[in-house]
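Subject: Structure for you to look at

Dear colleague,

I am handing over the structure we spoke of, with the sequence alongside, and below it I have written out what was found, going from the whole chain down to single residues.

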2 protein chains.
Amino acid sequence: MIQGHGDDAYLFDRPIVADFSSNVYYGGMQEKLVQHIAGHIRDAGHYPDPEGGRLQQQIEQRTELTPGMVMVTNGGTEAIYLVAQAFRGASTTVVVPTFAEYADACKLHGHEVSYFFREKLEPDTRFITDLVFICNPNNPTAQAMNEEALLQLIQFNNRSTFIIDEAYIEFTRNADSLLPHLHRLHNVLVLRSLTKSCCIPGLRLGYLAGQKALLDKVRAFRMPWSVNSLALEAGHYIMDHPAAFEVPVDALLGDTYQLWEGVRKMPEFRVHPTHTHYFLFETLTGTAAALKLWLVNNYGILIRDASNFYGLEQGHCRITCRNQEDNTLLLTALRKWTLS
Amino acid sequence: MIQGHGDDAYLFDRPIVADFSSNVYYGGMQEKLVQHIAGHIRDAGHYPDPEGGRLQQQIEQRTELTPGMVMVTNGGTEAIYLVAQAFRGASTTVVVPTFAEYADACKLHGHEVSYFFREKLEPDTRFITDLVFICNPNNPTAQAMNEEALLQLIQFNNRSTFIIDEAYIEFTRNADSLLPHLHRLHNVLVLRSLTKSCCIPGLRLGYLAGQKALLDKVRAFRMPWSVNSLALEAGHYIMDHPAAFEVPVDALLGDTYQLWEGVRKMPEFRVHPTHTHYFLFETLTGTAAALKLWLVNNYGILIRDASNFYGLEQGHCRITCRNQEDNTLLLTALRKWTLS
């Protein structure tokens, strides 16, 4: 059961004019994708393929993986819960602070969970647990580990199975995906999301990739029909039009840097470094909860109260870059808060 | 991993002109529901409510259950898998022949599964297992147990927890739902589907209902965001317009009887009695697999090869009533098969 998360506008009566609270790219759903889904609504009159077989094949082809190395899932979350089930009772390290679902899912399935702080992670860190969860780039700390260091870490710990969550890999220049390396990595599962870069978090669509023998262990726990018709249809369209869904990452990171600089200049906040389009900052004069509420009530601006991430404090907030107009509005609002 | 199921038209290159293979009402998606979903596609640009809270409340109000007695799920299948998880390692009876997912999910989660044949079920049958799965009306045998007999059975076995799958309760006159009785039944979970009567199997939407303490045990295993935005939105619309989604059950059962009679008159088939809009029959001159393939290839007609249900034989087929024109086409085709 989750306790607090981003994109929770539905909790507020006041309309949200600028949502900085989720890590989804602000560009919004593409009109052609909307039209494509609209043209396939009647497909919901039939059961979806129980395994999402056609989308699996499309992803395998696009990622140059061999048949059976991809499993389509109901968002990244289903992948996490299935891994936790498949390795029931394992000893598991979660590199924190990070997305709470790794630990939540593992605890639910009887894992012995331990935490390792990301800031101490080195290529020669030694893990003694069966599983290691690493989000790369990490949510919410916005730090990426480059693939060379990560591959060293994985090879150095070849008795542990690594789950590398690459939900935000499209939003960094500091790391590349491990997908091209999977053929020679027997102990890695890569988790990908189609919802963050394609702006469809409401559709719930992701996938897990890894060597077939390892992935089959997880696949055995997958229920049929977990991904619905319209999500699969969106996936088909995205795989057929990959160029249209490429995030303009350089421009986005440039804007992020400006937003980051704007917050950094206000002495009432402490900003944390970032490799992505989102970043953490701390309010030094109040709590994240109070700031969040104040921003909603006074400006219709939504941010992520990040204080509930394991290892973070009550002042931690996470914001995700939007367009320059919205970013300016947020900076104005934050300045006002510091004077209030 | 499922092995054969209905509504598998996607496996065939030939277009299907009449699909008798799934138990979904043939009426198709309602145009107003299609339009409603079309108007909400952009909602997929935001995360859904992680628990489907608003739809849960709507269902609780409509079914006159108290807060917390309903859990919204990604189709009935998610409910089955969550029950299996929550009661991990239990001893479990599955009343068969029936939907394979009960046993599949329970085996996956370490249950000791035993089978009890539906034809032997009486109100004073004694179960010694922790759980009992009963589908009512049953799929694929089309038999319903009236609520009086079922309540007797449940009260007689008050140390077992019953999961009553009412996915097809809208399609019978021989049983009523147990939902109105849940307030006084500590050992019952009722599973409902919104997809069969509303013709939206592709959206994956169902719910589990029961006393809060019992349901919370299952809810603890639910992952967040399992039901996507568009499925939730369809649910909202359906709950706001219940009259529009009432199945014309008398007319449908009348047509079913005509179809049933038509098959019964051919000596090459043995029909089984029915309380619903679908029924089983056996081909006595071949296999269900051969008949299914022949009907697809020669008429574009799809039926359910039911031979893979535990307890059924290689000749068992299941068909679901469609409109009179389609039903006539199927009878013509079956007659042709008997002469081929």
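Before the details, one definition is needed for the element names used here: helices (H or I, at least four residues) and strands (E, at least two) are DSSP runs, and they are numbered from the N terminus. Please also keep in mind throughout that this is a predicted model.

Starting with the whole of chain A, there are eleven helices and 13 strands in it. The radius of gyration of chain A is 20 Å, close to the 20 Å that the globule rule gives for 340 residues, so chain A is as compact as a globular protein of that length. Along its principal axes, the C-alpha trace of chain A spans about 60 × 50 × 35 Å. Of the 340 residues in chain A, 62% count as buried, and among the contacts in chain A with a separation of 6 or more, 71% are accounted for by residues 24 or more positions apart. The surface that chain A exposes comes to about 13,100 Å², of which carbon and sulfur atoms supply 49%. As for charge, chain A has 29 positive and 37 negative side chains, and the centres of these two sets lie 2 Å apart.

Chain A is divided into two parts, with domain 1 made up of 9–25 + 247–339 and domain 2 covering 31–244. The centres of domain 1 and domain 2 of chain A, taken over C-alpha atoms, are separated by 26 Å, and where the domains touch, 21 residues of domain 1 of chain A are in contact with 25 residues of domain 2 of chain A.

Some points of the backbone deserve a look, given that most residues other than glycine have a negative phi, and most peptide bonds are trans. The peptide bond from Val96(A) to Pro97(A) is cis, with omega near -5°, and Pro97(A) sits in the loop that runs between β3 (91–96) and α4 (101–108) of chain A. A cis peptide bond is also found from Asn136(A) to Pro137(A), with omega near -5°, and Pro137(A) belongs to the loop between β5 (131–135) and α5 (147–156) of chain A.

Turning to phi, Glu64(A) has a value near 55°, which is positive in a residue other than glycine; Glu64(A) is placed in the loop between α2 (53–62) and β2 (70–73) of chain A, and at 66% relative accessibility it counts as exposed. Trp225(A) likewise has a positive phi, near 60°, in a residue other than glycine. Trp225(A) lies in the loop between α7 (212–219) and α8 (229–240) of chain A, and with a relative accessible area of 5% Trp225(A) is buried.

Finally, there is a residue in chain B that you may wish to find in the view: Leu232(B), in helix α8 (residues 229–240) of chain B. Leu232(B) has a relative accessible area of 7% and is buried. Leaving aside neighbours within four places in sequence, Leu232(B) is in contact with Pro48(B), Asp49(B), Gly52(B), Leu55(B), Val72(B) and Val227(B). One of these, Pro48(B), is 184 residues from Leu232(B) along the chain, yet the C-alpha atoms of the two are separated by 8.0 Å.

With best wishes

Conventions. Residues numbered from 1 in each chain as written. Chains lettered and ligands numbered in written order. Predicted model: local features only at pLDDT ≥ 70, side-chain atom pairs only at ≥ 80, totals over all residues. Heavy atoms only, no water. Rg over C-alpha atoms; globule rule 2.2 N^0.38 Å. Buried < 20%, exposed > 50% of the residue type's maximum accessible area, 1.4 Å probe, protein only. Contact = heavy atoms within 4.5 Å. Areas by Shrake-Rupley, 256 points an atom, 1.4 Å probe, with all protein chains shown as cover. Lys, Arg positive; Asp, Glu negative; His and termini not counted. Charge placed at Lys NZ, Arg CZ, Asp CG, Glu CD. Domains from an automatic or database assignment.
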